[in-house]
Amino acid sequence: MSGGAATVLVVDDSRTKRYLLVSWLTRAGFKTIEAENGAEALALVENDHIDLVVLDVRLPDMSGFEVCERIKEAHPVTPVIHVSAHAVDVGDRAQGLTRGADAYLAEPIEPEELVATAHAVLRYYQARRRAELLAERLAALADATVQMHAAANVVRLLEAAAAGAARIFRSPAAVIAETFDGDYLAAAAAGPDAPARVTPWTVDGTGAPIGATVRVDEPGNWRLVDWPEGDTVTVAAARLREDRAPLYVVVPTATQTVRTPVLVQLAQAVASAVEAQRSFDQEHRIAVTLQRSLLPRRLPEVAGLDLAVRYEPASAQTEVGGDFYELVMLDGRLLVAVGDVAGHSLHAATVMAELRHAVRAYAVEGHQPGVILDRVNELMRTLLPNEQATLCLLLLHPGSGLVRLASAGHLPALISRDGRVEFVQHAAPLLGVRAPRPPDLEFVLPAGATLVLYTDGLIERRDTTIDDGLAALSAVATRVDDDLDQFCQRLLVELAPPEIHDDVAVVAVRRR
């Protein structure tokens with residue numbers, strides 16, 4: 001039943017009887033409309049808002065039982081009261097109730113009996129509608145909560161929250177929250193089937209208490225969507241901690257019930273999901289900062305060579321990985337290394353740091369690439385027996401271009417020159433495995449050629465093979481930009497996915 005008096009449809013082919021029924025119901029405070037046959041009644045129920053139908057059993061075009069059945073098929077929550085001057089035996093009463101009627105009154109009908117019966121069935125259906133609405137909203141709230149916690153970042157989380165709020169209340173909705181960086185973002189959906197859109201927003205949360213509060217506000221203070229005309233908005237604010245800004249969920253006031261239980265639960269669910277995302281973002285940033293601190297801080301300047309590096313950590317929803325690189329001059333030769341420790345975790349990043357420093361230490365001792373790998377492998381098997389890693393290591397003489405390379409299960413290096421690309425294959429077991437290794441590979445990097453080393457995050461995809469990834473890399477690397485930094489960036493843009501699920505390291509060396 002909508003706000004105000006309930007609307008009752010009185011259906012009877014007798015004008016006198018309709019007059020009496022309408023008079024009694026009108027004096028009792030109901031709004032009434034009339035129909036004199038079944039077809040007219042069905043049309044009114046379909047096109048108008050009807051809260052209750054008072055229906056004669058015998059009509060000129062069809063039985064009241066059939067009319068009741070058709071009303072209930074189309075509108076199960078519309079109550080029907082049968083009235084009859086003829087069918088008064090037990091069988092007829094039972095048939096009327098069995099076929100959907102909520103009450104059966106036989107003449108002579110007293111006015112008080114009709115009004116009391118009308119109030120009784122309306123109370124039942126109002127309670128039923130409230131219960132069904134609450135159940136429907138709670139189910140939608142559960143779905144929205146799952147989607148929020150599955151979101152990859154705070155922007156996706158707010159989109160899921162706003163879209164979920166619009167579906168829960170079947171109305172426009174907006175969600176506003178503070179990000180990890182201290183900026184407010186607002187996500188708004190114009191309706192239950194509309195996509196949520198995120199935009200920067202400003203709101204003053206000063207003085208908001210811990211917990212959840214609800215207030216009614218003017219729509220003009222929240223110009224994020226087109227709110228319904230003539231209605232205010234209800235704003236639920238949730239604040240979990242003193243050092244956190246409040247989060248807001250805004251919906252039209254007409255959608256709310258007493259005590260706004262679902263709106264409050266939604267605001268608290270969004271606040272909890274945002275807090276979890278903030279904590280994860282903070283932990284991830286700390287891990288990425290530590291990971292970057294373990295990598296070279298600057299590239300050496302080497303006469304006759306151009307050097308460039310790109311390192312991109314995995315997207316925020318993924319743990320840090322163990323990718324690393326090294327470029328350092330040792331006794332007139334450039335040491336270049338790219339490696340990848342198995343796994344994605346802070347532990348993998350710390351293992352990466354140990355391997356990088358071991359490579360540097362053994363290289364400083366003057367060993368050739370293959371010997372360095374042998375010693376790093378023994379170190380891993382002794383001190384890190386459960387770890388595995390891949391590594392490509394080379395020493396380059398800038399003047400002659402002579403390269404001595406050794407690999408441990410790593411992807412092949414790439415050489416690009418004059419529009420032609422070739423891969424430097426050097427099959428060997430990965431680090432952490434006891435197995436014989438092939439001799440080092442020696443070749444000359446010609447003047448004008450560019451050597452590229454990379455980790456698997458650049459080319460590996462869940463829906464393609466390694467060969468497909470290598471072919472894509474070959475196609476992109478055919479052209480090397482004059483600016484080597486721009487070349488490395490282009491490799492990432494054209495090959496890496498928008499959301500990187502694995503760390504990516506790219507090292508490019510061009511011999512002038």
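In the predicted model, Tyr-248 is buried, with a relative accessibility of 3%. Its aromatic partner, Trp-222, is likewise buried, at a relative accessible area of 3%. The rings of Trp-222 and Tyr-248 form a tilted pair, with 5.7 Å from centre to centre and 50° between the planes. Trp-222 lies in the loop between strand 9 (211-217) and strand 10 (233-239), whereas Tyr-248 belongs to strand 11 (residues 247-252); the pair, 26 residues apart, thus links distant parts of the chain.

A further tilted aromatic pair is formed by Tyr-311 and Tyr-325, for which the centre-to-centre distance is 6.5 Å and the angle between the planes is 45°. Tyr-311 is located in strand 12 (residues 305-312) and Tyr-325 in strand 13 (residues 321-330), with these positions 14 residues apart in the numbering, and this pair also links distant parts of the chain. Both Tyr-311 and Tyr-325 are buried. The count of aromatic pairs comes to 3.

Tyr-325 also appears in the surroundings of Val-338, a residue of strand 14 (residues 333-344). Val-338 is buried, its relative accessible area being 0%. When residues up to four places away in sequence are set aside, Val-338 touches Phe-324, Tyr-325, Thr-390, Leu-391, Cys-392, His-410, Leu-453, Tyr-454, Thr-455 and Val-507. With respect to Arg-512, which is 174 residues away along the chain, the C-alpha separation of Val-338 is 22 Å.

A buried acidic residue is found in strand 3 (residues 52-56), namely Asp-56. The relative accessible area of Asp-56 is 5%, which is under the 20% limit for burial. The side chain of Asp-56 makes a polar contact of 3.4 Å with the side chain of Lys-17. Apart from neighbours within four places in sequence, the residues in contact with Asp-56 are Val-11, Asp-12, Asp-13, Lys-17, Gly-64, Val-83 and Ser-84.

Helix 10 (residues 466-476) has buried residues at Gly-469, Leu-470, Leu-473, Ser-474 and Val-476. These residues lie on the same side of helix 10, because the arc they cover around the axis is only 165°. An α-helix has 3.6 residues a turn, so residues three or four places apart point the same way. The buried residues of helix 10 pack against strand 17 (413-417), strand 18 (420-424), strand 20 (450-454) and helix 11 (484-495). On the face turned away from the buried side, helix 10 carries the exposed residues Asp-467 and Ala-475.

At the level of the whole chain, 11 helices and 21 strands are present. The radius of gyration is 37 Å, well over the 24 Å given by the globule rule for 512 residues, so the chain is more spread out than a compact globule. The C-alpha trace spans about 115 × 50 × 45 Å along its principal axes. Of the 512 residues, 51% count as buried. Among contacts with a separation of 6 or more, 64% are accounted for by residues 24 or more positions apart. The area exposed by the chain is about 23700 Å², of which carbon and sulfur atoms supply 52%.

How values were computed:
Residues numbered from 1 in each chain as written. Predicted model: local features only at pLDDT ≥ 70, side-chain atom pairs only at ≥ 80, totals over all residues. Heavy atoms only, no water. Buried < 20%, exposed > 50% of the residue type's maximum accessible area, 1.4 Å probe, protein only. Helix = DSSP H or I, 4+ residues; strand = E, 2+ residues; numbered from the N terminus. Arc of directions from axis to C-beta. Contact = heavy atoms within 4.5 Å. Phe/Tyr/Trp six-rings, centres within 6.5 Å; stacked < 30°, edge-to-face > 60°. Polar contact = N/O pair within 3.5 Å; in protein donor to acceptor, adjacent residues only side chain to side chain. Rg over C-alpha atoms; globule rule 2.2 N^0.38 Å. Areas by Shrake-Rupley, 256 points an atom, 1.4 Å probe, with all protein chains shown as cover.
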